[in-house]
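Q: Here is a structure that I have not met before, and I would like to know what the descriptions given to its parts rest on. Could the reasoning be taken step by step?

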Amino acid sequence: MLTGGGDARIRLDSATGLNRYFSAPYPRDVLAYSSSTISDISADAFDHLLACLPRLEELSYADALNSFRSRLAHALNIPQGRAQIVFAPSGTDLEYVALACVLGRSSGGVHNILLGADETGSGCIHSAHGRYFAKETATGSKCDPAETVPGCRPVSLVDVKVRCDRGDARTSEQITADIRREINSALRRGAHPLVHCVHGSKTGLVLPAMSDIDALLADYGDTFTLVVDACQARITTPAIEKYLDRGAIILMTGSKFIGAPPFNGWAIVPAHISGKAHCLPDGFATIFRSAEWPDCWPGRNALPSTSNLSLALRLEAAIFELERFQQIEMQKLTAMIDAFERALEEHVIAPLAIRRVLPSAGGSKVECPIEMRTLLTLDMTQLPSLSTIEDAQAIHRSLAFDGIRLGQPVKCVRKADGWGGTLRIGLSMPQLIRWAGLPLTECKAQLAHDMSRIANAISQQVALIQR
């Protein structure tokens with residue numbers, strides 16, 4: 001049931017019992033620090049789903065999702081009436097929601113200003129352009145990748161890079177200057193700019209800075225719409241409030257940091273934006289079901305009235321984890337994240353003689369938000385057999401089948417002959433929830449054990465390849 005109601009990415013390989021990201025929709029005895037890519041469901045969440053399955057089967061799909069809307073708003077401290085919540089089967093599908101908010105706003109269409117597609121998701125290039133991104137959708141509709149979704153024209157797209165050609169993070173000022181140029185270009189030709197910012201990229205970047213977002217709003221007002229890619233879900237409720245204060249649409253998923261099984265997500269749409277939305281494009285009937293959109297959304301009733309119990313189960317798991325996580329006291333949370341960083345430094349980075357890829361353009365002098373400290377990207381290029389991105393991908397796969405799953409390699413370290421090898425190590429909400437019930441000394445001991453095991457496994461893989 002947890003592998004239905006999605007696209008091909010969710011299906012399990014018959015030989016391995018895993019999806020293409022080496023995860024499964026059931027609790028597994030693996031050492032997983034892979035929340036930057038995907039998570040397995042925790043044993044607690046799995047038991048919770050078994051207990052609540054009869055209730056979800058009795059509820060209508062619409063009633064279940066309306067209940068989720070209320071619980072999410074409460075968990076994320078969103079006041080009643082301030083925003084609407086739209087559900088989607090994946091983070092990639094959420095880009096359609098952002099488009100739906102502004103389609104028809106201007107005679108020249110939409111100019112979608114994407115930010116760091118390499119650090120958000122490859123499929124988003126298509127969905128943010130109003131195109132299908134796979135051969136099938138979560139409704140079971142067959143489609144051609146890169147074909148325009150009916151009703152989603154005209155949409156132009158530009159991808160503003162978050163890293164320079166060397167792989168270093170670009171500054172907020174540089175990125176904002178590019179965004180300004182694109183806004184000006186869109187307005188000149190009568191298109192509505194849809195401006196992305198990112199709160200937690202694949203390597204933990206947060207761009208542009210809030211001060212630069214405020215400057216854009218001061219200069220352009222409501223002539224553009226802001227959308228925040230927070231699909232990693234490494235975002236605090238105060239940060240969500242700040243973005244909503246600025247009228248931003250916020251995209252989140254439950255299968256990464258939150259730790260639910262893939263794929264599921266939601267868009268938080270400020271009430272003033274949803275209130276001005278035009279009728280949903282005809283092609284959305286191939287992607288969404290009516291209950292996934294709020295009752296008041298124009299064109300919602302033209303969508304299929306069928307249900308997706310599989311998505312409802314995945315959302316239930318995500319909200320279950322989020323509600324538990326929000327009960328952790330900030331002092332304990334900070335202490336556990338401090339312990340995570342120290343364990344990584346002492347038991348992985350120092351013994352392997354590798355370095356961190358810093359999640360900012362300003363180096364160590366820039367204060368990193370606490371939510372971004374739950375993910376570290378490692379530059380592995382100094383290790384034999386891990387110097388290239390292809391080397392890292394091979395070892396990442398070998399580790400996964402050896403019981404250790406890390407975040408997928410990302411292209412963020414440039415070498416003279418191409419991209420260097422990286423690996424990512426990230427915490428998840430279920431891990432932090434589990435450790436929150438332990439004395440801090442036990443949490444530190446567990447982290448030291450886990451990081452030592454990861455370092456030893458990497459060393460063994462390198463030695464094996466060299467032989």
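**Reasons behind the labels**

A: In this predicted model, one aromatic cluster is formed by Tyr96, Phe133, Phe284, Phe288, Trp293 and Trp297. Aromatic pairs come to a count of 12, and one of them shows how such a pair gets its label: the ring centres of Tyr21 and Phe263 are 6.1 Å apart, and their planes stand at 65°.

Q: Why is the pair of Tyr21 and Phe263 called edge-to-face?

A: Rings pair if their centres lie within 6.5 Å, and planes over 60 degrees apart count as edge-to-face; the centres of Tyr21 and Phe263 are 6.1 Å apart and the planes meet at 65°, so the pair is edge-to-face. Because Tyr21 lies in the segment before β1 and Phe263 in the loop between β8 (249–253) and β9 (265–270), the pair ties together parts that are 242 residues apart in sequence. Both Tyr21 and Phe263 are buried.

Q: What makes Arg9 a charge that sits over the ring of Phe263?

A: The distance must be within 6 Å of the ring centre, and the charge must also lie within 35 degrees of the ring normal; the charged end of Arg9 is 4.6 Å from the centre of the Phe263 ring and sits over that ring. Arg414 is likewise placed over the face of Trp419, with 4.0 Å to the ring centre.

Q: Why is Ser42 called buried?

A: Buried means under 20% relative accessible area, and Ser42 has 15%, so Ser42 is buried. This residue is found in the loop between β1 (31–33) and α1 (43–58), and its side chain makes a polar contact with the side chain of Glu321 at 2.6 Å.

Q: How do you know that Arg300 and Asp295 form a salt bridge?

A: A side-chain nitrogen of Lys or Arg has to be within 4 Å of a carboxyl oxygen of Asp or Glu, and the closest N and O atoms of Arg300 and Asp295 are 3.2 Å apart, which puts the pair among the salt bridges. Arg300 is buried, with a relative accessible area of 11%, whereas Asp295 has 56% and therefore counts as exposed.

Q: What does the salt bridge between Glu341 and Arg373 tie together?

A: The closest N and O atoms of Glu341 and Arg373 are 2.7 Å apart. Glu341 lies in helix α10 (residues 330–352) and Arg373 in the loop between β10 (355–357) and β11 (375–379), so the pair ties together parts that are 32 residues apart in sequence.

Q: Why does Arg355 count as partly exposed, and is its partner Asp379 buried or exposed?

A: Partly exposed is the range between under 20% and over 50%, and Arg355, at 44%, therefore counts as partly exposed. Asp379, which forms a salt bridge with Arg355 at 2.8 Å between the closest N and O atoms, has a relative accessible area of 6% and is therefore buried.

Q: Why is there no disulfide bond between Cys164 and Cys412?

A: A disulfide needs two cysteine sulfur atoms within 2.5 Å, and the sulfur of Cys164 is 11 Å from the closest cysteine sulfur, in Cys412, so the distance is too far for a bond. The structure holds 0 disulfides; Cys143 is in none, as the nearest cysteine sulfur, that of Cys152, is 12 Å away.

Terms used
Residues numbered from 1 in each chain as written. Predicted model: local features only at pLDDT ≥ 70, side-chain atom pairs only at ≥ 80, totals over all residues. Heavy atoms only, no water. Helix = DSSP H or I, 4+ residues; strand = E, 2+ residues; numbered from the N terminus. Buried < 20%, exposed > 50% of the residue type's maximum accessible area, 1.4 Å probe, protein only. Polar contact = N/O pair within 3.5 Å; in protein donor to acceptor, adjacent residues only side chain to side chain. Phe/Tyr/Trp six-rings, centres within 6.5 Å; stacked < 30°, edge-to-face > 60°.
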